[in-house]
Amino acid sequence: MSALTQSGSIEKPCTILINYDKGDPPQVNEFKQNFEHGTIEQKIETLKKVILYTINGEPIPQLLMPIILYVMPSNDHTIKKLLLIYWEVIEKTHLGKLKSEMILVCNSLLNDLNHPNEFVRGSTLRFLCKLREAEVLEPLVPSVRTNLENRHAYCRRNAVLAIYNIYSHFDYLIPDAPELIYNFLLQEKDASCKRNAFIMLFNCAPEKAVEYLSSVLDEVPTFGDMLQFIVVELIRKVCKTSPSERSKYIKCIFTLLNSSSPAVKYESAGTLLSLSSAPTAVRGAASAYIDLLCNESDNNVKMIVLDKLIEIKKNHSKIMEELVMDILRALSSPNIDICKKVLNIVLDSVTPKNIDEIILFLKKEINKTQSKEFDKGLEYRHLLIRTIHVSSLKYPEVLGNVVPLLMEYLGDSYLPSAVDVVIFLREVVETYPALRELIIRKLIENLSSIKVSKVYRVAVWVIAEYVTCLEDLQYAMTSITNDLEELLKPKQTEEVILETKAKVKVEKVSIQKLIADGDWYLASCISSSLTKLYFRAEQLNINNAESNKLKAQVMMIISVLINLSKASQVSTSKSAYERMLSCIQVLIDCNPNLKRIWLQDCRDSFTNYLKYLLIKQSENKKKTEKEVLVKANNIINIRQLKSKKAFGPVDTEDDLIKAVGNTGEVNKDQNEYSKISQLSGFSDPIYVEAYVRVHQYDIVLDISVFNQTNDTLQNVTLELVTLGDLKICERVPPFTMGPREKTSAKASIKVSSTDNGVIMGTIAFDIAGSVSSMSDKNCVILNELHIDVIDYILPANHQYTDVLFRNHWLEFEWENKIPVNTNITDLVKYVHHISKVTNMGILTPEVHLSNDTGILSANLCAKSVFGEDALANICIEKQADGKISGYIRIRAKVQSIAVTLGEKIGNMGMKA
C-alpha cells in the first residue's frame, strides 16, 4: 500500500493506515511537557496521538528529539511497541539523506535486538521487515544473524523474516543469506520457523529450496500444514519448469492428498491435476475434492470444490462416472444451491453401469423428504424428482421401477414437483409404448389424489389419448365422475355452487372445488378429454348399447359444466365456454374427419412437439458449453523458447492446450469494438476514447488518451463525475505526455444497481514551456458516456422452464406495464425485436410464435450480472388496420431493473 499526494504521485511506503478525526491542531508544547515530565501513562497516550497525527498527514518533526531523549530510554513494553510504530511512520530522511537523529534510534534498536526479553527482541525484528533505509539496517545485521540462534521460536522466526526483507531489498548487506537460512533450516525443529525459512528460500534462492526439499522429501507428510502448503507450491513450479522432475515429486503430492489440512489437500489436488492427466492422478485428485465436499462445513468451500469437479468432468468424464456415488454423499448438505450443483454433476455422469445405484439412492432421499423433521423443504424433493425424470429417460430399462415411485407424488401440493411428475409420465407414455398400460392404470388409480389443476388437466389428457382397453376406459370414466360427484348431483346450479363452496371451507383441495372457484379452463380440458374417451371407445369397438350410454354420460357431464359456467359469479373465459360447447357439437355430429383430428392429428402434433423439445434441449446444451476461440493475434507461449531461468513466471495451463485453443474461456463479446465510445473530437488537442468493461459489481473504463499536438503536455488531469447509482472508486492520477504520444489509463466505477447511469468528465492539461497562467490552462469537455442497463443483462432462456417462470412470476413483486406502440406490423418480428432491444431470451417455443391467429403471447427472461432475474410477458394482437396493439408486462424482484427495462422498451420499441 502506498500513500498518495494530491498530485497522485507516490510519496513514500505506507504500512499503517488508521483513521483519526484530528479536530484541534496538535499542541506541540503540551506534548513536549508530557514527554519530559509526564507519567508512563501520559507518555503512552501522547505518543499514540503523535502517531495518529503523523499517519493522517500532520507530521510533527520537532518532537523527534524529545521522544528520543525522554521516551526512548523507557523499559515499558507498551512504549517500546509504540516507538516501533512511530519509527515506522515518521520521515527518516531529509533531502535524500538519513537524518542524524536516526543514529541514536539505530543504537536503541541495536540494544533491543540484544534485549533479554524475547518479546522486545521479536517485535524489533518484525519492525526491521518494514525498514527501507540501508544505513539503519547495516549496523543491525550482526545482531539479526545472532537471533537465529535464540532459544525462543518467536525470536528465530522473526529473525528469518528480517533477513528475508534485508536480502530482498539490500542483498549486499547479507550476501550469504540463502546459505545461512539453508543451514538454519536443516537444524530447525519449530514448524513456524521452518515455514518462514522455506518461504525465504522459495522466493530468494529457489535452487536452495529444491535442494532442501530433495533431502527431506520422505518427511514431508510429517510437516506442519503451514510448511506443506509452501512445499506444494514449490513442487508445482519445479515440475512446470522441469517436467523431467515430475516422477520424483508426484509420490509426495499423492501422500499430501491425505493431509489433515483442507487447504493443503485442496492445493495438492489442483497441483496433481496440473502435473498429470493419468487416470490414477485424476482419480486421486477427484477423490480428494469429494472428501472436501463431504466433510467441509463451509458452503463457500463446497461451491468452489464443486466447480473444480465440474472442470474435471469435462475432461475426464469416465473417472467421474466411477465416483458419482461418492459425490451423492454431498446431498446431506442443507444448502439447496449445493444440492442443485451436485445433482447436475450426477445427471451428466449417469451410465448404464451406475443408473440402478443412482436411482436407488435418489429413492431413499425422496423417502426422507416425507419426514416432518426434514428441513430442506419441498424444493429439494422437486430437484430429486427432476433428476430421476431426466436420468431415467436416458436409460428406459429403469422406468419400470421409477414410475410407481413417482406416481406417489402426483398429489403433491408443491406445484413444480407434481407438474414435473405428470410431464414425465406424459413423455414416457408417448416414447415407450410397452409401459403405456401400466402407466395409464396407475394414473387412473391416483387421479383422485391430484390437487393441482394443471396436473389434473395433463393426467386426463394422457388417459384419454393413450387408454388401450375398454376396461381401463370404463375405470377412467368412473374415476372422473367420482371426482365431479358433488357437481353432478341433480340440484339447482346456484345451490350446487354454494354447497360446494361451503364444504370446501373445511375440506381439502379437490377438483370440484377448483371448478366451483372458477377454473373453467380445467372444466374445458375435462370436457375435451371425456369427448376423446368416447371416440376412443368407438375405436376400441364398444357395442352400440354401451356406446350410447357412454355418449349420454359424457354429454350430461359437459352440459352440467356448461350450466355451472353460465350461472357462476366468477367470470368465464370465452375460449373455455366455446370449447365446452364445441365438445357437445362434435358428439352430436360424429363427423369422421373430426374423429380423425381428435384421435390421430392430436397425437401426431404431440409427437412432433416432443421432437422439437429434444432439438431445443440439444441447442441449449450447446449454448451452455464453453466455445473454444483463439484470436488471430493471440500470443502462443512455447516453453522451449523461453529463458532457461529456473523460476520465471509459470502458466498454470498447459502450453499445448493454449496453442490448440482449448483455453476454456467463454467468448463473451465477439464484437468488442462496439463498446468503444469516443469522448472527444478528432480536432481536439487531446483525443480520448473509452472501452466499457462491465464486471459483476463494477465498471472498468479502459481509457486511451492521444496527444495530437507537437507539444509536451504536463499535468494532464482526467476528472470524471457520475449520475445515477455509480460511484468512482479509483481516479486517474495526473500524468505527462510527449508529442504525439498515446497513454492508457483505467478508472474503476462501482455499480450498486441496474439503473441507467451517466459518466461525464473533462480533461485539463498544461503545455510545457509556457508561462503559467489561467489562460494557459487548457480544458477539453468530454462527451457523456451512458451506462446502459443492457450491459448488465444476459439472456436466461436456457436456464428457465415454464414451471420456474410461473413460480418466479408469482413471487416477483415489482411490475411495469408498458402499452405497445410500434410501426412494426408482424407479430413474430415484434417479439424478436423486443428480445433484441432488451437482451432477453425468448422462452416460448418457436413453434408457438405465429401470425396465423392474429394474436400472440410470449414469455421472455433474463438475468443481470448481479444475479437478479427479470421476466417479461408480451400479449399482442393485430388490429383490422394492420397495427399491433397490446401490453408488455415486466416483473422483477427489484424495482430498478423493472423500471429501466420499461424505459428501454418505451424508447426503442417503436421501430425495428
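## A buried aspartate and its partner

At 8% relative accessibility, Asp 112 counts as buried, because the cut-off for that class is under 20%. The model discussed here is a predicted one. Asp 112 forms a salt bridge with Lys 80, and the closest N and O atoms of the two are 3.0 Å apart. Asp 112 lies in helix H5 (residues 101–113) and Lys 80 in helix H4 (residues 77–89), so this pair ties together parts that are 32 residues apart in sequence.

Lys 80 is buried as well, its relative accessible area being 10%. Both partners of this salt bridge therefore fall under the 20% limit, Asp 112 with 8% and Lys 80 with 10%.

## A pair between helices H15 and H16

A salt bridge is also formed by Asp 291 and Lys 265, with 2.5 Å between the closest N and O atoms. Asp 291 belongs to helix H16 (residues 279–295) and Lys 265 to helix H15 (residues 262–275), so the pair ties together parts that are 26 residues apart in sequence.

The two residues fall into separate accessibility classes. Lys 265 counts as buried, at 11% relative accessibility, whereas Asp 291 is partly exposed, with a relative accessible area of 26%.

## Asp 869, Lys 863 and a network

The side chains of Asp 869 and Lys 863 meet in a salt bridge of 3.0 Å, N to O. Here the aspartate is the buried partner: Asp 869 has 12% relative accessibility, while Lys 863 is partly exposed at 27%.

Elsewhere, Glu 465, Lys 532, Arg 536 and Arg 603 are joined into one network by salt bridges that share partners. In total, the structure holds 27 salt bridges. Side chains of opposite charge can pair when their charged atoms come close.

## A nonpolar surface patch

Four residues, Met 65, Leu 69, Tyr 70 and Leu 104, form a nonpolar patch on the surface. Together they have about 330 Å² of accessible area. Helix H3 (residues 64–71) gives the most to this nonpolar patch, with three residues.

One of the patch members, Met 65, lies in helix H3. Met 65 is partly exposed, with a relative accessible area of 30%.

Note on methods:
Residues numbered from 1 in each chain as written. Predicted model: local features only at pLDDT ≥ 70, side-chain atom pairs only at ≥ 80, totals over all residues. Heavy atoms only, no water. Helix = DSSP H or I, 4+ residues; strand = E, 2+ residues; numbered from the N terminus. Buried < 20%, exposed > 50% of the residue type's maximum accessible area, 1.4 Å probe, protein only. Patch = residues over 30% accessible without salt bridge, like charges linked within 9 Å, V, L, I, M, F, W, Y side chains within 5 Å. Areas by Shrake-Rupley, 256 points an atom, 1.4 Å probe, with all protein chains shown as cover.
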